[in-house]
Amino acid sequence: MLFNSYPFLFIFLPLTLLAFFGLAQLRLPRLSMVALTTASFIFYAYWNPPYLLLLGFSIFINYMLGAVLSSEVYLKPFKKGVLVTGIGFNLALIGYYKYAAFLLSSLLPDSIFQAINTNLAIDSIFLPLGISFFTFQQITYLADAYQGKAKAYGLLDYSLFVSFFPQLIAGPIVHHSEVIPQFENLKTFFFNHRNFALGIVTFVLGLSKKLLIADNLSPWANLVFDNASDVQFIEAWVGALSYTLQLYFDFSGYSDMAIGLALMFNIRLPINFNSPYKATSITDFWRRWHITLSNFLRDYLYIPLGGSRQGDARRYGNLMVTMLLGGLWHGAGWTFVLWGGLHGFYLSINHFWRKWAVGLTLPRIVGWLLTFGAVVAGWVLFRAATFADATHLLQTMVGLNGLVVPGEAGGKLAVLTKSGLTLQPWGQLAYLPELHNSKVLPIGALIGLIGVCVKLPNTQQLVAGLRPRWYWAMGLGGVSTLCLLSLNRVSEFLYFQF
């Protein structure tokens, strides 16, 4: 069930709110939790009912292992074995559903893989929604229980923590210590007008990012990446920037909607985006982009590997391992792995510069241009279907496959190619007529949206400064109307595939 759909907005959400607060009004808070947990399971089952069993199985096994790890009854020597078993169980689960075909096709000769695939249909395994997110959340819980940082929760509390529908499919990746105590607080079960109003505002702003911006950028990005070998300089940049902005507005929109929905139930989820395209260094970017994933990778992978405590060489190695695995988390493909490695390389350069270039501070505009350019190049690799497509697009973007420069009047442009400088009519420069016929619109819109990302306040800043005013009501009413009119072209969120 999509947040941006009529069934969710007009059936599921109202009924769930009524059940949750209605039972609380009858002084039955535990039944309110049961109702919310049940609704979350229904929300998940809407996609593919059989996979509800998988979610329930994962929750139960991790709950039992966590109960053992947080108990003081068992023998201490077995503690590490229980943790290894739990992590192994979670990795095996995600490995089978998400990485089986990728790993086997990468490790085995084609003939052997095809033979195995013919019998087992490995490449037709359906990826359960949200498996990357709820698996990481539960690994976090097991690791904390092992270290004595998590108490033994009740099965209902734990189940709701994992399955809470606003963040179940695509995050934010929440920590048990952030969410479960809120459900143990009786104030959560009393309807709060302010929280509900702020939740609606946050949800509407997130919905508008998805429907009014991201979905309208999608055709431009798809057109270029689906024809990667045919595009020229301007088209390559239109495609790269379109995807750069589409991914941001799509995923940050989802995160805003998740935070807004949770706030309607008086639950505060962590912020996942903090204007990442304002970053002036790659380290700054990762402090702002997908914050909950960055925190997980730092706390449960980078630091346990040794972090920066064992010298520069070890630090750079740990960064590379962390980001390579972070790339693999996003998808079963070498382009994702290489994207993670590229960002590991970026981060290593950034740390090297900060240590050795003491006193050499780049102007903010230079830092921003370098960071934004590096991020866009990474997104090309992230989005491209193959490494060859990514390479061709990146070469085209830097002019290696021809560069269009200002030329004579009369509708002609100078085109710099490997053969030299020639004059060509504007109409002969586009291999993609659909994009060529409206080339001015994409370029202007993309520049405007980059300005929005860099100069305007983000969602949390807008909501923090919200005051009841007639112009706010009119503006949000207009945005809501446009969103509702756009629901007839429902599309999934990009991060659902991860």
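In this predicted model, Lys 210, Asp 215 and Asp 250 are joined to one another in a network of salt bridges. The count of salt bridges comes to 8. Three further pairs are described below, each with its closest distance between nitrogen and oxygen.

| Salt bridge | Closest N to O distance |
|---|---|
| Asp 157 and Arg 30 | 3.3 Å |
| Asp 256 and Lys 209 | 2.7 Å |
| Lys 355 and Asp 312 | 2.7 Å |

**Salt bridges between helices**

The side chains of Asp 157 and Arg 30 meet in a salt bridge. This pair links distant parts of the chain, with Asp 157 in helix α7 (residues 155–163) and Arg 30 in helix α2, 127 residues apart. How are the two partners placed with respect to the surface, buried or partly exposed? Asp 157 counts as buried because its relative accessibility is 8%, a value under the 20% limit. Arg 30, in contrast, has a relative accessibility of 43% and therefore counts as partly exposed.

Asp 256 forms a salt bridge with Lys 209, and their closest N and O atoms are 2.7 Å apart. Distant parts of the chain are again linked: Asp 256 belongs to helix α11 and Lys 209 to helix α10 (residues 193–225), with their positions 47 residues apart in the sequence. Both Asp 256 and Lys 209 are buried.

In the third pair, Lys 355 forms a salt bridge with Asp 312. Lys 355 lies in helix α15 and Asp 312 in helix α14 (residues 312–330), so that this pair, 43 residues apart, also links distant parts of the chain. Lys 355 is partly exposed because its relative accessibility is 41%. Asp 312 has a relative accessible area of 23% and is therefore partly exposed.

**Residues distant in sequence**

Pairs of residues separated along the chain can also be described by the distance between their C-alpha atoms. Pro 166 is found in helix α8 (residues 165–168). With a relative accessibility of 0%, Pro 166 counts as buried. The C-alpha atoms of Pro 166 and Leu 263 are separated by 9.7 Å, while the two residues are 97 residues apart along the chain.

A second pair consists of Ser 281 and Gly 367, which are 86 residues apart in sequence. How many Å apart are Ser 281 and Gly 367 in space, C-alpha to C-alpha? The distance is 6.1 Å. Ser 281 lies in the loop between α11 and α12. Its relative accessible area of 21% makes Ser 281 partly exposed, because buried means under 20%.

**Positive phi angles**

The loop that holds Ser 281 also contains Ser 275, and it runs between α11 (233–264) and α12 (282–288). Phi of Ser 275 is near 50°, a positive value in a residue other than glycine. Ser 275 is buried because its relative accessible area is 5%.

Arg 27 likewise has a positive phi, of about 60°, although it is not a glycine. Where is Arg 27 placed? Arg 27 is in the loop between α1 (6–25) and α2 (29–45). The relative accessibility of Arg 27 is 71%, and the residue therefore counts as exposed.

**A nonpolar patch on the surface**

Seven named residues form a nonpolar patch on the surface: Trp 353, Leu 360, Leu 362, Ile 365, Val 366, Leu 369 and Leu 370. Together they have about 660 Å² of accessible area. Which helix gives the largest share of the patch? Helix α16 (residues 364–383) contributes 4 residues, the largest share. Trp 353 has its place in helix α15 (residues 334–356). Trp 353 is partly exposed because its relative accessibility is 37%.

**Cavities**

A search of the whole structure finds 3 cavities of 30 Å³ or more. The second largest cavity holds about 40 Å³ of space. Its lining is made up of Tyr 44, Trp 47, Asn 48, Tyr 51, Phe 126, Pro 128 and Leu 129. How many residues of this lining are nonpolar, polar and charged? The lining divides into 6 nonpolar residues, 1 polar residue and no charged residue.

Technical notes: Residues numbered from 1 in each chain as written. Predicted model: local features only at pLDDT ≥ 70, side-chain atom pairs only at ≥ 80, totals over all residues. Heavy atoms only, no water. 1 Å grid on protein atoms, 1.4 Å probe; cavity = no way out; pocket = protein on both sides within 12 Å on 5 of 7 lines; lining within 4 Å. Points joined across faces, edges and corners; volume = space filled by probe spheres on them. Nonpolar A, V, L, I, M, F, W, Y, C, P; charged D, E, K, R; others polar. Patch = residues over 30% accessible without salt bridge, like charges linked within 9 Å, V, L, I, M, F, W, Y side chains within 5 Å. Areas by Shrake-Rupley, 256 points an atom, 1.4 Å probe, with all protein chains shown as cover. Salt bridge = Lys/Arg side-chain N within 4 Å of Asp/Glu carboxyl O. Helix = DSSP H or I, 4+ residues; strand = E, 2+ residues; numbered from the N terminus. Buried < 20%, exposed > 50% of the residue type's maximum accessible area, 1.4 Å probe, protein only.
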